[in-house]
Each structure stands twice: as structure tokens, then as C-alpha cells.
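This report describes the pockets of the structure shown below and the residues that line them.

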Number of protein chains: 2
Amino acid sequence: MARARISDVAAAAGVSTSTVSLVMNGRVARISPATQDRVREAAASVGYTPNSVARGLRTQRTRTIGLISDQIATTPFAGRMLAGAQDAAREHGHLLILVDTVGDPDVEAEALRALAGQQVDGMIYAAMWHRVVQAPAGLPDGTVFLDCRPAAGGFPAVVPDDRAGGRDAVRLLVEAGHRRIAYVDLDEPERPVASGLRHEGYLEVLAEAGIEPDPALHVCGAESSAAGGRAAAAQLFDMPADRRPTAIFCFNDRMAAGVYVAAHRRGLDIPRDLSIVGYDDQQLVAGELDPPLTTIALPHYEMGRWATEVALGVREPPDDGQPYLMPCPIVRRDSVGPPPAAAPTPAGGEPLTTP
Amino acid sequence: MARARISDVAAAAGVSTSTVSLVMNGRVARISPATQDRVREAAASVGYTPNSVARGLRTQRTRTIGLISDQIATTPFAGRMLAGAQDAAREHGHLLILVDTVGDPDVEAEALRALAGQQVDGMIYAAMWHRVVQAPAGLPDGTVFLDCRPAAGGFPAVVPDDRAGGRDAVRLLVEAGHRRIAYVDLDEPERPVASGLRHEGYLEVLAEAGIEPDPALHVCGAESSAAGGRAAAAQLFDMPADRRPTAIFCFNDRMAAGVYVAAHRRGLDIPRDLSIVGYDDQQLVAGELDPPLTTIALPHYEMGRWATEVALGVREPPDDGQPYLMPCPIVRRDSVGPPPAAAPTPAGGEPLTTP
DNA sequence: CACGATTGCTCAATCGATTGAGCGCTCAAA
DNA sequence: TTTGAGCGCTCAATCGATTGAGCAATCGTG
């Protein structure tokens with residue numbers, strides 16, 4: 001049984017296709033109520049669904065938006081981003097067309113042409129982690145950059161507010177009373193923009209609190225993994241007791257997991273002896289640690305929504321041309337406490353406890 | 001600058017649009033080489049990309065396939081599944097339209113109509129974990145079920161071969177010399193089909209090896225998490241030494257992570273004192289454990305490809321109407337070793353070591 | 001009652017491609 | 001020279017909807 005066309009509905013209702021079209025699209029100002037009812041009944045009885053392809057050809061609007069990204073599969077955050085984009089698209093009656101370029105520029109160019117050929121109403125160019133990208137040639141005007149910013153500007157973009165997130169993370173620790181706060185980072189060549197921004201936030205809060213930043217407390221792991229975090233933490237724990245941090249802010253949850261391991265090996269209890277804050281709120285890591293990790297969440301779902309809404313024109317991007325900075329929520333769990341009551345000052349150091 | 005149409009190319013090449021169409025589609029049997037060249041040059045010079053919407057209307061084939069699923073975001077496997085589907089679609093010149101129904105039947109019905117309206121060439125109905133689903137009304141014939149099977153049959157489907165995976169996992173342990181092998185499962189009400197199948201595989205291999213299954217070695221955690229696994233493992237470790245397992249097969253990697261924790265708390269070394277095999281190959285869990293977990297991988301990428309290829313008609317589903325069982329690869333890491341040399345037989349038990 | 005305005009609906013062009021039928025030409029065979 | 005076949009290309013219909021223009025009937029007004 002072939003799908004019903006508008007002409008089938010028209011025949012069933014005894015009117016022209018024009019009338020059916022007008023009724024189906026709610027342009028009923030000049031259609032009598034009786035006719036409207038007949039059309040609607042006819043449509044229902046033949047099971048009519050408008051053919052979007054034909055409509056798209058005529059109206060030049062397809063109610064689809066294209067999302068092109070380099071790696072859909074790699075990160076657990078990708079799904080949340082897609083979910084946000086998809087939800088927003090659906091709420092506005094649009095469909096999401098997804099293309100993964102596997103990071104290959106040829107595939108990317110091909111995808112761009114395919115999406116243009118599909119007459120998508122909007123385009124989103126997504127990365128799966130916050131970075132600066134070179135906008136490919138042929139990107140339509142108004143393409144929204146998601147979790148990345150175009151090197152040359154000129155496009156709306158949304159990225160996590162990593163700097164504010166870094167501030168929040170460190171503020172959590174300062175407010176708990178910590179003064180010696182380390183930052184566990186990634187080694188230079190690998191270091192992503194997110195890390196630089198989080199580190200800036202870290203420095204800002206230290207400055208606010210009147211704490212002199214100690215370069216020795218900025219340590220790096222070779223890779224973004226538990227192993228990387230463990231190695232970096234080991235450096236910290238090897239420091240003389242009076243210089244050792246009482247709290248550690250980690251670039252991400254995976255590295256924080258490594259810090260946990262290192263701490264346990266030294267017999268340090270979290271949060272009694274050491275407070276830790278992570279970043280990303282990576283469920284399988286942060287939630288499964290013991291004690292559960294306090295962290296800063298990456299707002300992927302919200303960013304996905306934002307990008308779609310801007311692509312559809314139902315939301316305005318910042319008018320200064322800068323990327324929109326999506327706030328990163330604080331996720332309080334159990335890895336932050338006050339610093340150890342007796343500060344570790346074994347060899348003639350001045351006690352850190354305030355009067 | 002508006003997009004070039006076929007008529008622009010025709011004008012530039014001095015031919016009719018028919019000729020351009022024939023050349024662009026490679027139906028050049030009756031077109032002179034000289035004309036072909038002129039057309040191709042003209043197309044390149046005006047930057048012509050065929051309008052898929054118009055073509056779709058005419059040919060009734062849109063080169064898109066719809067993927068409708070209940071939860072895109074929830075599992076880390078979803079991305080791999082989408083990646084597989086998307087890669088296969090791209091290789092065959094198709095685009096993937098993605099819809100997440102959020103598990104809502106109304107949204108699902110609406111999505112089905114929207115995709116039908118888009119004239120998708122194929123449809124995939126995906127779940128994010130292996131289960132039996134009720135096929136919604138209005139699903140087009142030939143819809144492929146991905147990671148789920150329709151309760152009533154009648155559609156091609158692909159699911160992981162959990163039974164074979166269970167066999168492989170347990171065989172790994174039997175071949176290492178273990179005879180007392182536990183299965184850490186989920187509690188009844190939560191237990192998914194995957195677990196039942198993996199347990200069947202477990203029993204089959206025990207039978208093959210002539211090992212009498214001990215019901216006491218089939219223990220359950222309340223939830224699919226490290227906490228659930230830890231609780232279940234604790235039961236096992238509380239058993240008298242001569243009945244205690246020397247190896248544990250876990251329903252999934254997360255529960256295996258809990259078994260690790262329980263083992264460490266009892267001072268058991270993995271794999272010296274206890275061998276463990278997981279399931280899922282969940283990178284963030286299996287790869288980060290110490291030692292890295294030997295496990296059975298879920299073939300989500302491959303299943304995504306399979307579903308797309310069947311939906312596009314480039315691959316045939318099994319002709320017996322049963323779901324295709326996708327093999328689950330064995331991922332050997334470091335959590336399996338021989339059983340402890342001196343079997344734990346403290347109180348008059350018979351030594352298990354063979355002559 | 002005549003005339004214009006309003007109401008309720010239809011006509012036909014249009015979006016941009018594809019494709020079966022067909023046209024005019026050349027060439028070979030009869 | 002006529003006929004037929006083959007070649008190279010074009011004509012025009014078509015896919016299924018939307019939409020500006022327009023037509024016939026009715027209504028209100030002077």
C-alpha cells in the first residue's frame with residue numbers, strides 16, 4: 001500500500017489539493033469550519049503524512065539540520081552533546097542529520113557537499129573536546145561551532161566556560177580552608193585549551209584569596225589517564241611535608257582517579273588527609289571512586305541544545321562575536337573536606353593553623 | 001550567491017539539462033566524450049552539487065537512512081554503534097538521520113512519521129542494550145533491529161552473541177586450569193537477556209569440561225555497578241576456603257571493578273590469587289583497572305555497520321528469520337592466570353593439584 | 001437593484017532534478 | 001536513391017507539495 005498523497009486526501013474530502021494544503025498548514029483564515037473538518041477527517045482516514053521531500057523542494061526549507069563532527073564515538077560526552085542537539089531539533093520540528101568525518105578532510109568536504117545537497121536548514125560543526133579548529137572551506141554562513149571555536153572567528157560558537165569552571169573548582173577548596181592547592185595538568189605538547197583556561201581560573205582564585213601560587217604545585221602527567229594522574233601525584237607526595245599540598249585540583253576525572261590511587265598507596269585518606277576536585281563529571285569515573293569525586297561537570301547536553309537553537313535561529317549568539325561560554329555546573333560529592341587539622345609541619349615550619 | 005542548479009550547468013555547457021543529468025549520473029553510453037568533458041568542466045566551474053531534495057522527489061530514493069533509538073546518550077557504547085552505522089552509510093553514499101525518542105512512545109510515533117515523511121530509504125530501530133522490544137506500530141517493512149530483537153519477530157535483527165561470549169570467557173578460565181569458577185550476575189528483577197545468555201554459555205563450558213556447576217558460585221549484586229560487584233564478591237570470599245572460587249566471570253566490567261576492590265580488601269592479588277574475566281570491554285573501566293581486565297568486547301561498531309548494510313540491502317540477514325548473532329571478541333589483558341599453585345584447602349580438603 | 005467587498009475555494013505555476021520517448025542527422029546496406 | 005539502424009542529444013512529463021492570482025457566490029450598502 002503506497003503512502004497517501006495530498007491528492008488522495010483532496011479526493012476523499014472532495015476539495016482541491018490547495019485546500020488540503022491550507023488546512024494542513026493551519027492557514028485556515030478563508031476556509032469554512034465544515035471544510036476544515038472534512039479535510040482533517042479525510043487526512044486521518046487515509047493516514048496522510050506530508051511528503052517532506054516534496055515540501056522541501058517547494059519551500060526550500062527541509063526542516064533538517066546537519067551535524068558534522070570529527071569523532072562521534074571517541075568520548076562518552078559525545079552522546080550527551082548529540083542528545084542535546086537532537087532534543088532541541090525535535091522540539092522545533094526538525095530532524096538531525098549526522099555525519100562523522102573520522103577526522104579526514106576529504107570525508108569532511110564530501111560531507112559538507114552532501115549536507116548542502118540535502119538543503120539542510122542549519123549546520124553544526126562539532127568537536128568532541130574543546131579546541132580551536134580551522135574552519136573548512138565551504139562551510140555555510142551561520143554554521144554553529146560546537147565545543148570548538150573557529151581560529152578565524154566569524155561563526156557563532158559555544159564552548160564550556162573552562163576558566164569559570166577552574167575558578168569554581170579551586171574556590172571550593174579555598175572555601176574549605178585550603179591554602180596549598182596543587183593543579184595536576186597535562187604535559188605541554190598534549191595540553192588542550194581547556195587545561196590552559198582551567199589553570200587561569202586556578203590562578204585567579206588564588207590571587208583573590210591572597211595565596212601566592214607555588215610553581216612547584218603545578219605538576220604534569222604525561223597522558224590524560226589514571227596513570228598520568230598517579231605519576232603527577234607521586235611528585236607532589238614526594239615533596240617535603242611543609243610544602244606538600246593539602247588539596248589537588250585535577251585537569252580531569254581520569255587523572256583524579258590516578259591521584260586517588262597514589263594517595264591510597266601513601267596511606268592518605270580522602271578527604272581527611274587530602275581533598276580532590278576533578279573536572280568533566282565523567283560518570284563511570286567520578287561516580288565510582290571511593291569516596292565519590294567532587295567535580296565540575298562539562299555541559300555537553302546544554303551546548304548541544306544551544307548550538308541547535310542558534311542554528312535554527314531561535315536563539316541569538318553573543319553579539320560581540322565571541323564564543324558563548326557555557327557554565328560548567330559544580331557537582332559536590334565527597335572528596336573535599338577541610339585541610340588536616342594539624343598541618344604537616346614536622347621540621348620547624350610555622351604551624352599553618354590560624355588563631 | 002545562490003547555489004548552482006542543473007540548468008546553470010546546462011547553460012554554461014551549451015547543452016540541455018537532460019544531458020547534464022546523464023553525464024553527472026554516469027549514463028554516458030550515448031553522449032560523446034567531448035560533450036561529457038564540457039559538461040564536467042561547466043559543473044566544476046559553477047560549483048554544481050545536485051540538489052538531493054529535487055532528486056529525491058523524482059527518484060523516490062533519498063539516500064538517507066533513519067536511525068531511531070530510545071537513548072542515544074546513556075551508554076558509552078552508543079557512540080560506537082552510531083559510528084558503525086554512520087561509516088557504513090557513508091560508504092554507500094547515504095546520510096544518517098538520527099532520532100532519540102527518549103523512550104517516549106509519543107515521541108517515537110512522531111519520529112516514525114517524520115522519518116517516513118522524509119522518505120528514508122531504510123530504517124534502523126536501535127536499543128542501547130541488548131533486549132527484547134515490542135515493535136511499534138507503523139514501523140516500515142524491512143526495518144532493522146539493532147541491539148534488540150522484536151518480540152514478535154518478522155524483522156531482521158542483530159544482537160551480540162552473548163552466549164558464545166560467555167563460553168569464551170569461561171573457556172579462558174578453564175584453559176588456565178580453573179575448576180571453581182563463579183559467575184557474578186545481576187539480581188533477578190534487573191537481569192537483562194544478556195546475562196541469561198552469558199550464564200548459559202558459562203554452564204555449557206563447565207559441562208564441556210566435566211565440571212559440576214556449583215549453585216553457590218552463582219552470586220548476584222543488586223545493581224550493575226562496582227558496588228553491586230563488590231557485594232557479590234564479598235559473598236564469595238566469605239565461603240569456606242575449599243569451596244571458594246579461584247576465578248570469577250563477571251556479568252560486566254563495572255561489576256568486575258567491584259570484584260577488584262573486594263579482592264584487594266581481602267589482600268588477594270589478581271591474577272595470582274584470583275583470576276577475573278569481565279564483559280563489555282568498557283574502556284574507562286577495563287583498561288584502567290590494575291591489572292588491566294581481561295574481558296569480552298561488545299561488538300557495537302560492527303553491529304551498527306551490519307544493521308546499516310542490511311537496511312541498505314547490501315547484506316542479507318539470516319534466512320531463518322532469527323537475529324544475527326554478532327561475535328564478541330576476546331580481549332586478553334592481565335587478569336587471568338593459573339589457579340593458585342597450592343589450592344586453598346586448609347581443613348582436610350583434598351588437594352586439587354593434579355599429579 | 002447595482003456595485004464593491006468579502007468569503008470560500010480552485011487554478012496553475014513552481015521548486016530542481018530524472019527519464020522515456022522522440023527528433024534529426026549520418027552512414028551503410030539494399 | 002531509399003530504407004533502416006545507430007548516434008547524440010533534447011522535449012516534456014513527472015515526483016508531491018506550496019502559493020499567488022483569480023473566480024464565483026454571497027453579503028452589505030446606498
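## Two pockets and their linings

β3(A) is the element that contributes most to the lining of the second largest pocket, supplying three residues. The model is a predicted one, and the account that follows takes up this pocket before turning to the largest.

The second largest pocket holds about 960 Å³ of space. Among the 38 residues of its lining, those closest to the centre are Thr74(A), Thr75(A), Pro76(A), Phe77(A) and Arg254(A). Two or more lining residues come from each of β3 (122-133) and α8 (193-208) of chain A, and likewise from α5 (78-91) and α11 of chain B.

The largest pocket has a volume of about 1,100 Å³. Its lining is made up of 35 residues, of which Ala257(A), Val261(A), Leu289(A), Val261(B) and Leu289(B) are the closest to the centre. In chain A, α9 (226-237), α10 (253-265) and α11 (283-286) each provide at least two residues of this lining, and in chain B α9 (226-237), α10 (253-265) and α11 (283-286) do so too. The largest share, seven residues, is that of α10(B).

The table sets out the residue classes of each lining.

| Pocket | Nonpolar | Polar | Charged |
|---|---|---|---|
| Largest pocket | 18 residues | six residues | 11 residues |
| Second largest pocket | 18 residues | 10 residues | 10 residues |

Key: Residues numbered from 1 in each chain as written. Chains lettered and ligands numbered in written order. Predicted model: local features only at pLDDT ≥ 70, side-chain atom pairs only at ≥ 80, totals over all residues. Heavy atoms only, no water. 1 Å grid on protein atoms, 1.4 Å probe; cavity = no way out; pocket = protein on both sides within 12 Å on 5 of 7 lines; lining within 4 Å. Points joined across faces, edges and corners; volume = space filled by probe spheres on them. Helix = DSSP H or I, 4+ residues; strand = E, 2+ residues; numbered from the N terminus. Nonpolar A, V, L, I, M, F, W, Y, C, P; charged D, E, K, R; others polar.
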